Amino acid sequence: MAAPAVLLTGGAGYIGSHTAVALADAGYCPVLLDNFCNADRRVVGRLHELLGSDGFAWHDGDAREARTLCALLRRYRIAAVIHFAALKAVGESVAQPLRYFENNGNCLVALLQALAAEGGGSPAPLVYSSSATVYGDPDRVPIPESAPLRPTNPYAWTKVLGEQLVLAQRAAQTAWRAVILRYFNPVGAHPSGRIGEDPQGIPNNLMPFVQQVAVGRRAHLTVFGSDWPTPDGTGVRDYLHVMDLAEGHVRAVDYLRAGGVSDIVNLGTGRGHSVLQLLGAFGSVCGRELAYRIGPRRAGDIAVCYADPSRARSVLGWEARRDLRQMCEDAWRWQRSNPNGYSDA
Ligand code: NAD
Ligand code: UD1
């Protein structure tokens, strides 16, 4: 019997490419749709190496086009969809809000239209990529799914509105089901070192910046504030191995295909690490101390953020298995063997 096909919008991106590998490992056929606005085409060659040419399919196209989505749903008899396609840089969303609302909003609208048009009585179920950013500055940690939503920038608003749209469509179309996943801070890479995170320009996020310091592309890390109310004064986050996150998506697809009801689930480890802890762990993996300077706080930052992951365990039977050291080891293997990311392919 042919492997059930799962459509991954934004499938050539950081999380999508790792999820494609996890899905293939679990016996699915990932079908990737991406317009490569924030991905390098060379990732496709790397996936060929890892999965073989029969192990997945990919299409260069825009997820804002319902016609494209309808054609893929039909052609591959898609059993479930994971919707990754979005723009995700907070600072850029502040400078270009229209671009963010247009792209992130229209991708999801087109997808829901295509699912309704092609699904007949039972449209394919959906896994929607949301983010811990929807919680803003939380009242308390660990953060449960019931915490209030307080988006603080246009990107975060696109995620909150996306969740609302999914919930409204679920209410309107009772036969349809969706799981909303709120990710904490995905880091690391596939253990092969063949795929990983490859941000364009100067990295906004901590781990890719640290990786570039380690490989000599940047002189030092600037730590954004050492006066936060945390044990060492630097910000604390719930770093999560991208392969754990990818496996969380496989569990969500399994759950929906087994008839599971719609839900909203945090994906995180439930543990927080500070900037200096992450820097120290990475230094011990790459065998030298990494240079850093203390700078001012970054606008919009918060002190501490980590998940209450208990719902992921009870609903999806998922929990993160990989620790901070493994996140750093896998990130370092990827960066060391691809100092310039996919440009080295
Ligand atoms: P990414 O930028 O690496 O991947 C997103 C992919 O979507 C890219 O390959 C991009 O080219 C593609 N894309 C964007 N607009 C498109 C369009 N109109 N048509 C087709 N393709 C399009 O980002 P990622 O880190 O892999 O994130 C995946 C999803 O997870 C996003 O929805 C993001 O908001 C969410 N998320 C990411 C993080 C994180 O820290 N990486 C945290 C929480 C949530
Ligand atoms: C960022 C996004 C958030 C998104 C999340 C996961 C912002 C304001 N928020 O959050 O919307 O959901 O990524 O992708 O961009 N740090 C440094 N120096 C650096 C970079 C980061 O000290 O050069 C610190 C930060 O202050 C923070 C920690 O490292 O304490 C993690 O930062 P980052 O990786 O950007 O993630 P978030 O702040 O959680």
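Which polar side-chain atom lies 2.7 Å from an oxygen atom of ligand 1? In this predicted model, the atom belongs to N38. Further polar contacts of ligand 1 involve Y14, through a polar backbone atom 2.8 Å from an oxygen atom of the ligand, and D62, through an N or O atom of the side chain that is 3.0 Å from a nitrogen atom of the ligand. On its own, ligand 1 has 820 Å² of accessible area, and the protein covers 95% of that. Two or more residues of the surrounding shell are given by each of α1, α5 (97-118), β5 (126-131) and α6 (154-172). Strand β5 provides the largest share, three residues. There are 29 residues around ligand 1, of which I15, D34, N38, F84 and Y155 come nearest. By class, the shell consists of 15 nonpolar, nine polar and five charged residues.

Ligand 2 is surrounded by 17 residues, and those that come nearest are L206, T222, R237, R298 and D301. Oxygen atoms of this ligand take part in several polar contacts. One such contact, at 2.9 Å, is with an N or O atom in the side chain of N185. Another, at 2.8 Å, involves a polar backbone atom of F224, and the side chain of R298 likewise places an N or O atom 2.8 Å from an oxygen atom of ligand 2. The protein buries 86% of the 730 Å² that ligand 2 exposes when taken alone. With four residues, strand β8 (residues 221-224) gives the most to the shell. The shell around ligand 2 contains seven nonpolar, seven polar and three charged residues.

The nonpolar interior was examined next. In soluble globular proteins, nonpolar side chains tend to be buried together. The largest nonpolar core in the model comprises 46 residues, and L8, I82, L181, L267 and L316 have the most contacts inside it. Strands β1 (5-9), β4 (80-83), β6 (178-183) and β11 (263-267) each give two or more residues to this core, as do helices α1 (14-25), α2 (42-51), α8 (242-257) and α10 (310-316). The largest share, nine residues, comes from α8. Beyond residues up to four places away in sequence, L316 touches L181, G248, R251, A252, Y255, V265 and R311. A second core, separate from the other, has 28 residues, including L33, L111, L112 and A114.

Residue T19 is found in helix α1. Its relative accessible area is 0%, and T19 therefore counts as buried. Leaving aside residues up to four places away in sequence, the contacts of T19 are with L8, I82, F84, A246 and H249.

Several backbone features were also identified. Most residues other than glycine have a negative phi, and most peptide bonds are trans. The bond that joins V141 and P142 is cis, with omega about -5°, and P142 is placed in the loop between β5 and α6. F36, a residue other than glycine, has a positive phi near 60° and is located in the loop between β2 (29-34) and α2. With a relative accessible area of 8%, F36 is buried. R77, which is not a glycine either, has a positive phi of about 45° and lies in the loop between α3 (66-75) and β4. In contrast to the buried F36, R77 is exposed, at 72% relative accessibility.

How values were computed: Residues numbered from 1 in each chain as written. Chains lettered and ligands numbered in written order. Predicted model: local features only at pLDDT ≥ 70, side-chain atom pairs only at ≥ 80, totals over all residues. Heavy atoms only, no water. Near = heavy atom within 4 Å. Polar contact = N/O pair within 3.5 Å; in protein donor to acceptor, adjacent residues only side chain to side chain. Areas by Shrake-Rupley, 256 points an atom, 1.4 Å probe, with all protein chains shown as cover. Nonpolar A, V, L, I, M, F, W, Y, C, P; charged D, E, K, R; others polar. Core = buried A, V, L, I, M, F, W, Y, C linked by side-chain atoms within 4.5 Å. Buried < 20%, exposed > 50% of the residue type's maximum accessible area, 1.4 Å probe, protein only. Contact = heavy atoms within 4.5 Å.
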